[in-house]
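Me: Could you take a close look at one helix pair in this protein for me? I would like the geometry and the contacts, with the cut-offs spelled out.

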Amino acid sequence: MTTKTTWSVGRVLRDRDAGLYLSGVVVSGFGTSALWLASGVWVKDLTGSDGLAALCMLAMWLPTLAGPLLGTLADRGRRRPLLIGVNLLLGALLLTLVRVDAPGDLWLLYAVLFVYGAAGVVHDAAESALVARAVEPSLLGDFNGLRTTATEGMKLLAPLAGAGLYAAHGGAGVALLDAATFVLAAGLYAALRVREEKPTPATGGPRPRTAEGVRHLWAHPVLRPLVLAGGATMLCAGLNGAMVYAVVDGLGHSPAYTGVLYAVQGAGSVAVGLLSGPALRHLGARRFAASGIALLAVAVALRAVPSDPVALVCGGAIGMGLPPVLIAAMTSVQRETPGALLGRATATAHTLVFTPNVVGLAAGAALVELVDHRLVLVALGVALLVTAASLCQSPARAERTVARSSSDASPA
């Protein structure tokens, strides 16, 4: 598998447009991860309030709930100009944050973060649709795996850089850095050579157009179980994430040790991203997703064991087990959805998959105060195993045929 992995990854990286896409992901992901950390610290420094600091994350996540509606914007015109425009808009918007230097200015920070989140939903939908047109179908799994590797890699590096920049120049310095990354990303998207046909004029009102993406996902025999499994997995992942400080406390370490666990988890996600393309071709989307969820289930349950070596191994296993269902679901959406509908379908899938993570974090924050975290972790492991089993029980013949036919057409 190592040779095939290297070959397929190399084919993606040698593709000019795919390389530009991934460069854009790295650049904008670096700025986003840095701002994600700095915004909460910024508010905490200005107000001393943990609650107000937490609202930064809420402001960025809230627009995800409107994903099906925002996704319609990605289907109304050519996606490449839209991506360029969104990145330039965010770059200009972030410049306004240099004015934030007192508690009375925080409304501007929250407003910018809210628009940031909404623009991110449109951006991800348009990018997914354009990638599906620019990258060979047989390499979509490899591309999405590399995208995961790039994103997780930035999560490992950017917070440290953001913290250092914040300490030296304050929140305004981080905002300027993020603005610069979006301008650079816009330039990378402008260099793409993807040819797009002008879309047919939209018919009907916003509600019918929005509902088309929902109906497509729900009626599709391949996409529905994968998206539902992704949402269930992310719900459990959110609950698991809320237990991390209790796990660290059980190990006898200070809260700062969570950084070590997250670093190990990120390294696991970086590694699995490189293997995703060959694994998708060999197993098919459902079995690949189910394998990852099963690994995640075992790792989450074993976190109940108060042992440093076990905690570190489980951290790496969680990092490897979580991405497969996300990569399998999003790759299948790209393969199984008509181009004219892909923006709405992608945004809807993101809403259904990632919103439960926020719900899980909120529920876990309350649950950890009421129930022994070890019982919660074991229960989550069982729930994840049930989720994995539900994918294995469903017939995978149709999507295996799609995956293999694409691979056979252009073997990797």
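Reply: Happy to help; here is the pair α9 and α14, followed by a neighbouring topic or two.

This is a predicted model, in which local features need pLDDT of at least 70 and side-chain atom pairs count only at pLDDT 80 or more, while totals for chains, interfaces and linings use all residues. Residues are numbered from 1 along each chain as its sequence is written, and side-chain values use heavy atoms, with hydrogens and water left out.

First, the setting. The protein has 17 helices and 0 strands; these are DSSP runs numbered from the N terminus, with helices being H or I of at least four residues and strands E of at least two. Of its 412 residues, 53% count as buried, meaning under 20% relative accessible area with a 1.4 Å probe and protein chains only, where exposed is over 50% and partly exposed lies in between.

Now the pair itself. Two packed helices are described by the angle between their axes and the distance between the axes. Helix α9 covers residues 223–242 and helix α14 covers residues 323–336; their axes are 9 Å apart and the packing angle is about 150°. Axes here are lines fitted to C-alpha atoms over the stretch in contact, and angles run from 0 to 180 degrees between N-to-C directions. That angle makes α9 roughly antiparallel to α14, since over 145 degrees counts as roughly antiparallel, under 35 as roughly parallel, 65 to 115 as roughly perpendicular and the rest as oblique. The crossing of α9 with α14 is left-handed: the near helix is turned anticlockwise from the far one by less than a right angle, clockwise being right-handed.

As for the contact (heavy atoms within 4.5 Å), α9 brings L223, L226, A229, G230, T233 and M234, and α14 answers with V325, L326, A328, A329, S332, V333 and E336. By class there are 9 nonpolar, 3 polar and 1 charged residues. Ala, Val, Leu, Ile, Met, Phe, Trp, Tyr, Cys and Pro count as nonpolar, Asp, Glu, Lys and Arg as charged, and the others, Gly among them, as polar.

Two of these contact residues also meet H216. This histidine lies in helix α8, residues 206–219, and its partners include L223 and E336, along with T337, P338, L341 and A345, leaving aside residues up to four places away in sequence. H216 counts as buried because its relative accessibility is 15%.
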